[in-house]
Amino acid sequence: MDGITDGGMMGGGMMGAAVLWSLAVVLLLAVTATAIVLLVRRAGQADPNNQGRHSSTNREAREILRSRYANGDIDDEEYRRRLASLDESA
């Protein structure tokens, strides 16, 4: 038999390798596309200059300051000084 009728160079081994490489390429493309989509979504949700986190932290600090003032842990002067400091950082 000649090479064409019995499988020749594209016999079972080479054909299997071609299928595996094709699957590997498709899988790599799918993983890359998924990574890009996740990065774009995360970037869209990110808050520029961390304003959301900063305002939340500032709000929490004000609550703690009010609580300490109400409990008598700090006096009027200390309360006003720290409140002014929080206003400057906002």
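1. Let's start at Met 15, which you'll find in helix α1, the stretch covering residues 12–45. Is this residue buried, or at least partly exposed? With a relative accessibility of 48%, Met 15 counts as partly exposed. It also has company: Met 15, Val 19, Leu 20 and Leu 23 make up a nonpolar patch on the surface, and together they offer about 410 Å² of accessible area.

2. Before going on, keep in mind that this is a predicted model. The protein chain has a mean pLDDT of 81, and 74% of its residues reach 70 or more. Confidence is highest in helix α3, with a mean of 89, and lowest in helix α2 (residues 51–71), with a mean of 83. A word of caution when you browse: coordinates predicted with low pLDDT should not be read in detail.

3. Now the overall layout. The protein chain has 3 helices and 0 strands, so reading along the sequence gives you the pattern α-α-α. Of its 90 residues, just 7% count as buried. The chain exposes about 7,700 Å², with carbon and sulfur atoms supplying 62% of that.

4. On to the charged pairs. Side chains of opposite charge can pair when their charged atoms come close. How many salt bridges turn up in the whole structure? The search finds 4. One of them joins the side chains of Arg 62 and Asp 87, at 2.1 Å from N to O. This pair links distant parts of the chain, since Arg 62 belongs to helix α2 and Asp 87 to helix α3, 25 residues apart. Asp 87 is partly exposed, at a relative accessible area of 44%.

5. Stay in helix α2 for another bridge: the side chains of Glu 63 and Arg 66 meet at 2.6 Å, N to O. Because they sit 3 residues apart in helix α2, about one helical turn separates Glu 63 from Arg 66. Both ends are partly exposed: Glu 63 has 47% relative accessibility, and Arg 66 has 39%.

6. Finally, have a look at Glu 78 in helix α3 (residues 76–89). Glu 78 counts as buried because its relative accessible area is 19%, and the cut-off is under 20%. Glu 78 forms a salt bridge with Arg 81, where the closest N and O atoms are 2.8 Å apart. Both residues lie in helix α3, 3 residues apart, or about one turn of the helix. Salt bridges with shared partners tie Glu 78, Arg 81 and Arg 82 into one network. A polar contact of 2.3 Å also joins the side chains of Glu 78 and Arg 82.

Terms used:
Residues are numbered from 1 along each chain as its sequence is written. This is a predicted model: local features need pLDDT of at least 70, side-chain atom pairs count only at pLDDT 80 or more; totals for chains, interfaces and linings use all residues. Side-chain values use heavy atoms; hydrogens and water are left out. Helices (H or I, at least four residues) and strands (E, at least two) are DSSP runs, numbered from the N terminus. A polar contact is a pair of N or O atoms within 3.5 Å; within protein, one must be able to donate a hydrogen and the other to accept it, and residues adjacent in sequence count only if both atoms are side-chain atoms. Patches are made of residues with over 30% relative accessible area and no salt bridge: like charges are joined within 9 Å, nonpolar side chains (Val, Leu, Ile, Met, Phe, Trp, Tyr) within 5 Å. Accessible areas come from the Shrake-Rupley method with a 1.4 Å probe; for residues, only the protein chains shown count as cover. Buried means under 20% relative accessible area, exposed over 50%, partly exposed in between (1.4 Å probe, protein chains only). pLDDT is the predictor's confidence in each residue, from 0 to 100.
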